[in-house]
Every structure is written in C-alpha cells, then in structure tokens.
Amino acid sequence: MTLTAEDGRPDRRSARGSRPSPTDTVCVSDAISDLVPNSGSDSVPQPAGKQPPMAQRIDVSNLNVYYGSFKAVEDVGMHIEPKSVTAFIGPSGCGKSTFLRTLNRMHEVIPGGRVEGKVELGGRDLYGKDVDPVAVRRYVGMVFQRPNPFPTMSIFDNVAAGLRLGGMKNKKQLEEAAERSLKGANLWEEVKDRLSKPGAGLSGGQQQRLCIARAIAVQPQVLLMDEPCSALDPISTLAIEDLIEELKASYTIVIVTHNMQQAARVSDRTAFFNLAAVGKPGRLIEMDTTEKIFSNPTEKATEDYISGRFG
C-alpha cells in the first residue's frame, strides 16, 4: 500500500533536495524558563544572527479536549521527536486539527475550549499554572490552512511583526532577521527587491511561504502546520513540501493533512486519528513510522483508511 509514487512525485526519503538547510547548526537551548511570565527574557526574541533554540521533543499524556461539555478528543498520548516531521491523518471531524491546536494552547482561545491532561515541551508542562500561553505560542509557531498574511502590511513588516511585538526595535536586527527568515522559507530571491510591497499581493504559494517566514522569524522550537497545502496548486504544494524537508533540520514539525501521498512523502512518523461515530470523541488509533503505517499498519482501521475503504 505504499503511496509515495502514485502521483509521480519523488519520495523525499530517497531523493533529498540539494538546497542547504536554513541553519547549518542548532545550538542547545536552556530549560524553557521563558514560558514563565516575567522571567526576564520572555518578551524579547533572540537577536538576529544567533542560532535558533534546539528543536524540542513533545510528550503528550492522557489528553482530553473539550468544547464546552462536548469531548472532542479523548485520552491521547504520544511522543513527537525533535528535528522530525510528524503527520496527523484521519477522516474529517476526528479531532486532528483540534489536537494540533492544543500543542500551542490555541484551542483555549475558542469560547468554551479547555484541555485536561499534559503537554510537555522539552520536559516543561505547557499547561502548568505558571506558564504564559502567549510565550508558548512564540516557542510553538503555527501555519494555518489558508495563507493569512497581514493584508495592510508589507512583505517586510509581515515577517518583522512578531519580532516587533516581542520588543525588537533595532532596524539592522530586524532587517537581518527578515532576510534570514525569508531565506529560510525559500522566498528571499523572489521578494528581495519588493520588500515594501504588500504581502497580500504575492501568489498563494508565496503567501504561504511568507507566513512560514513570519512563523520562523521569532525562532520557535516547534512548527505546527494545519493542512498548509490544501489551498495551493501542485507546484506551490511541491515547494512547501521541499521547504518542510529543509526546515526539519532545525525544528520539530507537526503537520495535519488529508493528502495520503503528502503524508507519505514528507513525514517520518504518522499518527492516525479516528472516531467511533458522529458525536463521539476522536481518538488516536495508531502511531508509528510512516513506512510502517503505509505498508503494514497494526490496526485494521488504519489499513482501511489508508487504502480508501472509508474517510
């Protein structure tokens, strides 16, 4: 049931791109003490030119996710390895995107949204009482389903927005950070001569790479992607997939996708979510290496979904 070649694109594991990683080395970070409010360095990102923090492992245990009284996701536990790509797959409504949003505390901005259980980043509980959710979202960046550049901002200002909000004011540092981030998103050569132009004037694929540049500008440790290619054409999708392969050298990446071929191409590990019936909570059915999930899954439900019998 291997799907890596069905649509004619190369398997990333056997045909690596020749472009260099956005960062050649990654420094070891300290404990994530910045997540505690008023810890001193919480509000100011690292100056441009420093290596980003090391990609961190995510450990989830006994996680339940609610919308009001409705339990949307039930009893999920998993480990997400650093400097790797993990794909979440499953039918619509099974809780993939809901669960993804719990990894950077975006779920709780929804009225009635709450979480029970534990999510640890580098050993630190992101839902601890002393943890600032805004700081969590700086360490765990997110790219959404549809490109969402700030429509009134220039390309440069889009990339620099998070840095400015974090307190960076030095013009040279902002320029260096913007260039580094745009290069990291493989967009620099396409926009370097029009940085003052509106970000909304770029093509769809370029806008999504701009959003990735904006996310990595603040140098997160984890990058979440919620169906980042669903609104893009095949050529733009291929560019994003190539970029994901490069970014995993520096970041822990988690991607939600409905595209089985994409999951097989870009991910190292795959998690299959499902629900027993409409109105029931989503559950993690199986998680393993992508090769095993797509060739010899343990659970019959996983095999049925992969082979197209449902979903």
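Reader: Lys183: buried, partly exposed or exposed?
Author: Lys183 is partly exposed, at 45% relative accessible area. The cut-offs: buried is under 20% relative accessible area, exposed is over 50%, and partly exposed is in between (1.4 Å probe, protein chains only). This is a predicted model, where local features need pLDDT of at least 70, side-chain atom pairs count only at pLDDT 80 or more, and totals for chains, interfaces and linings use all residues. Residues are numbered from 1 along each chain as its sequence is written, and side-chain values use heavy atoms, with hydrogens and water left out.

Reader: Which residue forms a salt bridge with Lys183?
Author: Glu179 does, with the closest N and O atoms 2.8 Å apart. A salt bridge here is a side-chain nitrogen of Lys or Arg within 4 Å of a carboxyl oxygen of Asp or Glu. Glu179 is partly exposed at 27%.

Reader: Where do Glu179 and Lys183 sit?
Author: In helix α4 (residues 171-184). They are four residues apart, so about one helical turn separates them. Helices are DSSP runs of H or I, at least four residues, numbered from the N terminus.

Reader: Switching. What about Glu190 and Arg209?
Author: Their side chains meet in a salt bridge, 2.8 Å from N to O. Glu190 lies in helix α5 (residues 188-191) and Arg209 in helix α6 (residues 204-217), so the pair ties together parts 19 residues apart in sequence. Arg209 is buried at 10%; Glu190 is partly exposed at 35%.

Reader: And Arg105, buried or exposed?
Author: Buried, at 9%. Arg105 forms a salt bridge with Glu108, closest N and O atoms 2.7 Å apart. Glu108 is partly exposed at 30%.

Reader: How many salt bridges by this rule?
Author: The count is 15. Arg57, Asp59 and Glu81 are linked in a network of them.

Methods: Helix = DSSP H or I, 4+ residues; strand = E, 2+ residues; numbered from the N terminus.
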